[in-house]
Amino acid sequence: MGRSRGVSLPVIAVVSAIAYVYWTTLFVFIDGWFGLMSSPGLINAVVFTAVALMCVFNYTVAILRDPGRVPLNFLPDIEDAENPIHEIKRKSGDLRYCQKCSQYKPPRAHHCRVCNRCVLRMDHHCIWINNCVGHANYKVFFIFVVYAVSACFYALVLLVGSFLYDAQKDEDESGDSFRTAYVISGLLLVPLTVALSILLGWHIYLILRNKTTIEYHEGVRAMWLAEKGGDVYSHPYDLGTYENLTAVLGPSILSWVCPTSRHIGSGLRFRTAYDQTSASS
């Protein structure tokens with residue numbers, strides 16, 4: 001049985017941070033710099049609210065959407081001519097079998113010790129969404145990070161602009177509560193922006209190579225073993241930059257920032273570089 005998803009202490013922390021950043025950005029930074037009811041103030045408030053809503057929506061979907069469950073009746077078909085590779089255990093060479101779930105693992109699936117089940121195309125277990133990031137919710141998790149980084153940079157620009165504008169006022173006009181909001185927001189936004197930007201850069205790198213975090217670490221070892229034996233290792237699911245992008249984010253560029261996932265398939269089989277080689281020969 002899988003662990004239930006939903007509210008946890010890290011999730012509460014994330015929601016609280018989002019709520020605080022949203023409140024201070026609108027009612028301290030924008031209001032203090034432009035005036036909330038002015039034209040520039042309204043435009044910035046509407047744009048920032050739209051980004052924040054997309055961030056919250058994708059965050060909620062990433063929490064609630066099942067990352068991908070292995071069907072109970074799944075059996076690998078070793079005679080399937082359309083599936084040229086089968087993942088095997090490194091030591092024995094047997095097909096991958098999960099002793100804890102008592103079932104075979106599809107390609108790219110892994111057992112999550114926290115969720116206590118196998119997850120399709122598992123990337124990692126994320127405490128901040130209290131859920132695994134896997135086949136079915138990877139794209140929406142990535143889009144959440146994109147909007148979160150955008151919101152953080154936007155809020156930082158408004159914080160700096162409002163602070164510089166506020167510094168020109170007389171000290172009597174600037175209340176202590178606003179100064180406290182600047183300090184707390186700065187201490188929250190700067191490390192958040194840095195951490196989320198690194199996370200976004202990491203997942204852009206993975207998407208461009210059609211890898212998961214687990215596959216990256218496995219690939220480092222496989223590359224070392226291949227070089228030791230005089231061979232060259234290549235990631236079997238690397239289809240080329242554009243094909244990798246469309247495989248993860250969808251065939252249309254317009255859908256890359258939308259939480260749609262009709263293109264992802266069942267998660268039991270994935271296109272490989274061998275497919276392309278067979279098709280061209």
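Biologist: How much surface does the protein chain expose, and what share do carbon and sulfur atoms supply?

Modeller: Accessible areas here come from the Shrake-Rupley method with a 1.4 Å probe, and for residues only the protein chains shown count as cover. The protein chain exposes about 15600 Å², with 64% of that supplied by carbon and sulfur atoms. Please keep in mind that this is a predicted model, where local features need pLDDT of at least 70, side-chain atom pairs count only at pLDDT 80 or more, and totals for chains, interfaces and linings use all residues. Residues are numbered from 1 along each chain as its sequence is written, and side-chain values use heavy atoms, with hydrogens and water left out.

Biologist: What percentage of the residues count as buried?

Modeller: Buried means under 20% relative accessible area, exposed means over 50%, and partly exposed lies in between (1.4 Å probe, protein chains only). Of the 281 residues in the protein chain, 42% are buried.

Biologist: How many helices and strands does the protein chain have?

Modeller: Both are DSSP runs numbered from the N terminus: helices are H or I with at least four residues, strands E with at least two. The protein chain has 7 helices and 6 strands, and from the N terminus on they run α-α-β-β-β-β-β-β-α-α-α-α-α.

Biologist: Which residues have the most contacts inside the largest nonpolar core?

Modeller: In soluble globular proteins, nonpolar side chains tend to be buried together. A nonpolar core is a set of buried Ala, Val, Leu, Ile, Met, Phe, Trp, Tyr and Cys residues joined through side-chain atoms within 4.5 Å. The largest one here has 47 residues, and Phe48, Tyr59, Ile129, Leu189, Ile207 and Leu249 have the most contacts inside it. Helices H1 (9-33), H2, H3 (138-167), H4 (176-208) and H6 (241-249) each supply at least two residues of this core, with the largest share, 17 residues, coming from H3.

Biologist: And what does tyrosine 59 touch?

Modeller: A contact means heavy atoms within 4.5 Å. Leaving aside residues up to four places away in sequence, tyrosine 59 touches Val11, Val14, Val15, Trp128, Ile129 and Phe144. A second, separate core has 6 residues, including Val70, Phe74, Ala109 and Cys118.

Biologist: Let's turn to charges. How many salt bridges does a search of the whole structure find?

Modeller: The rule is a side-chain nitrogen of Lys or Arg within 4 Å of a carboxyl oxygen of Asp or Glu. The search finds 4. In one of them, arginine 108 meets glutamate 215 at 2.7 Å, N to O. Arginine 108 lies in the loop between strand E2 (103-104) and strand E3 (110-112), and glutamate 215 in helix H5 (residues 213-228), so this pair ties together parts 107 residues apart in sequence. Arginine 108 is buried at 2% relative accessibility, and glutamate 215 is buried at 6%.

Biologist: Which residues are joined into one network by salt bridges that share partners?

Modeller: Those are Asp66, Arg69 and Arg117. Aspartate 66 pairs with arginine 69 at 3.5 Å between the closest N and O atoms, and with arginine 117 at 3.0 Å, N to O. Aspartate 66 is partly exposed at 23% relative accessibility, as is arginine 69 at 47%, whereas arginine 117 is buried at 7%.

Biologist: How many disulfides does the search find?

Modeller: A disulfide is a covalent bond between the sulfur atoms of two cysteines. The criterion used is a pair of cysteine sulfur atoms within 2.5 Å, and the search of the whole structure finds 0. For cysteine 126, the nearest cysteine sulfur, that of cysteine 132, is 9.5 Å away.
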